[in-house]
Amino acid sequence: MGEIKASALPDFKQSVRLKYVKLGYHYLVTHGMYLFLSPLMVLVAAQISMFSLQDLYLLWDHLRFNLILVIICSVLIVFLSTVYFLTRPAPVYLVNFSCYKPEDNRKCTRQIFMERSGLTGTFTEENLAFQRKILERSGLGESTYLPEAVLRVPPNPCMAEARKEAETVMFGAIDELLGKTCLNPKDIGILIVNCSLFNPTPSLSSMIINHYKLRGNITSYNLGGMGCSAGLISIDLAKDLLQVHPNTYALVISMENITLNWYFGNDRSMLVSNCLFRMGGAAILLSNKKSDYWKSKYRLTHTVRTHKGSDDKCFSCVTQMEDSTGKVGVSLSKDLMAVAGDALKTNITTLGPLVLPMSEQLLFLASLVGKKVLKMKMKPYIPDFKLAFEHFCIHAGGRAVLDELEKNLRLLDWHMEPSRMTLYRFGNTSSSSLWYELAYCEAKGRINKGERIWQIAFGSGFKCNSAVWKALRTIIPAKEKNPWIDEIHNFPVEIPKFSAI
């Protein structure tokens, strides 16, 4: 009988999952302050409830005869409150954003890409086969977009066509954004445009100012050469400017230009860009007006920028240069993944203390002490960022980058879905890809009030930048207009590791 009872008991080591123990620990540490203060608050409330009218009269009588002390305390409270309200940073709200969706005649299937590449007559058979191999494993689908000058036979990469592409993308995104927000362009006080490889004169920002007749005292910037992470650099710059320019709007444009940066040579390190980069852009409207809280979608809570340019290997891993025949392209080093991993580690080390719950920070500290101080043989603890963020928008730079980040950050397929679907549907649209990913989350109805979004991007130099947003309201897809809305029912799709052309 004793044996029967003993065998009926569960094996707790097998039945209790460690993840639930960890969740309990996380709750205990995160809410430890509340759990500690609750009994204290009960005692204080009980003591106050025992006060009689006579006790309150004695307290007032005591304060009346200590008038100087009361005045000093009152002045101190008013002074500290004034200092707090004057020095605290102004909130930065994301009122709305839009992503440009090119016309259907700009679509480029993988088969069309290979046909047009062959018709240029500049690529060797070996390098055409190399591009085919890259495309078959790239994670790109059949509906990405390329500008007219690249799809034309023969191609026509010239300044006029590059300007045409830039105007089409920028004005298309801005027109949609102004339509969403009903904003008068004259109300925009700050304009920031980032485009890494196309910087004409007059600048892209001047083209926008001229087209929309923006006001003469607008603060405008044109960022170039900063790679795919330039979008978050623009957001960080706008955040700083909104601290010193009260009651205004900041318009941020993130895009890349394909026309003049298509590579027609045979250096394989430069051909990868042809296979991955596609046409796209985004417009983002930020505000520091407190009245805009009620109509804004998100509030910016943190930005973290990491620059590894002091290291020669990091600096040169993404470089625009001429090949041996004098043709200009962007060379990607074989060290790119290692450099990106190192930059990511530095970035999340800075970001972690700002966003991670105390439970994760204590576990990381214990791991660090055990490894560095006690010399214990143990793997470093990787914080669980799923406890800090509900949504992840990771720059869709390529399939290999997404695979590595998914593994290193221990993310689920659901978290990676916006990035993978953006890469599949729109390709690598450079700095604007993060906004196509956020638009995907909105179209899927995933964004609820109070949830946190982590945007992270990598760029030449080498840079890794992060931005953290908090949703101010639940996003209802039926009320949204973005490039996914009309076709979101088709996603997600299964993306095979290899897809023959």
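Helices, here, are DSSP runs of H or I with at least four residues, numbered from the N terminus. The model described is predicted. Its nine-stranded sheet is open and mixed in pairing, and its largest pocket holds about 1200 Å³ of space. A second pocket, ranked next in size, has a volume of about 640 Å³.

**The sheet**

- The strands follow the order 5-4-6-7-1-8-13-12-11, and the pairing among these nine is mixed.
- Strand 5 (219–223) and strand 11 (391–394) form the edges, each pairing on one side only.
- From one strand to the next, the twist averages 20°.
- Strand 1 (residues 93–99) is joined to strand 8 (residues 298–307) by two bridges in the antiparallel sense.
- Within strand 8, R299 is the residue that stands opposite Y93.

**Helices across the sheet**

- Helix 10 (residues 159–181) lies across strand 1, strand 4 (188–194), strand 6 (249–255) and strand 7 (281–287).
- The direction of helix 10 is at about 130° to strand 1.
- Helix 19 (residues 433–443) lies across strands that include strand 1, strand 7 and strand 8.
- Strand 11, strand 12 (452–459) and strand 13 (463–471) are also among the strands crossed by helix 19, which runs at about 100° to strand 1.

**The largest pocket**

- The lining of the largest pocket comprises 48 residues, of which V272, L276, F277, L332 and L336 are the closest to its centre.
- Elements that give two or more residues to this lining include helix 8 (125–136), helix 13 (268–276), helix 15 (336–355) and helix 17 (399–408).
- Strand 9 (318–322), strand 10 (328–332) and strand 12 likewise give two or more residues to the lining of the largest pocket.
- Helix 13 gives the most, with six residues.
- By residue class, the lining of the largest pocket divides into 22 nonpolar, 21 polar and five charged residues.

**The second largest pocket**

- Lining the second largest pocket are 23 residues, and the closest to its centre are K345, I348, T349, F364 and P383.
- Helix 15 and helix 16 (358–373) each supply at least two residues of this lining.
- Helix 15 provides the largest share of the lining of the second largest pocket, with eight residues.
- The lining of the second largest pocket divides into 12 nonpolar, seven polar and four charged residues.

**A shared element**

- Helix 15 gives two or more residues to the lining of the largest pocket, and helix 15 also supplies eight residues to the lining of the second largest pocket.

Note on methods:
Residues are numbered from 1 along each chain as its sequence is written. This is a predicted model: local features need pLDDT of at least 70, side-chain atom pairs count only at pLDDT 80 or more; totals for chains, interfaces and linings use all residues. Side-chain values use heavy atoms; hydrogens and water are left out. Two strands pair if DSSP finds at least two bridges between them. Axes are lines fitted to C-alpha atoms, for helices over the stretch in contact, and angles run from 0 to 180 degrees between N-to-C directions. Contact means heavy atoms within 4.5 Å. On a 1 Å grid over the protein atoms alone, a cavity is a set of points where a 1.4 Å probe fits but cannot get out, and a pocket is an open set with protein on both sides within 12 Å along at least five of seven lines; lining residues have an atom within 4 Å of a point. Grid points are joined across faces, edges and corners, and a volume is the space filled by probe spheres set on the points. Ala, Val, Leu, Ile, Met, Phe, Trp, Tyr, Cys and Pro count as nonpolar, Asp, Glu, Lys and Arg as charged, and the others, Gly among them, as polar.
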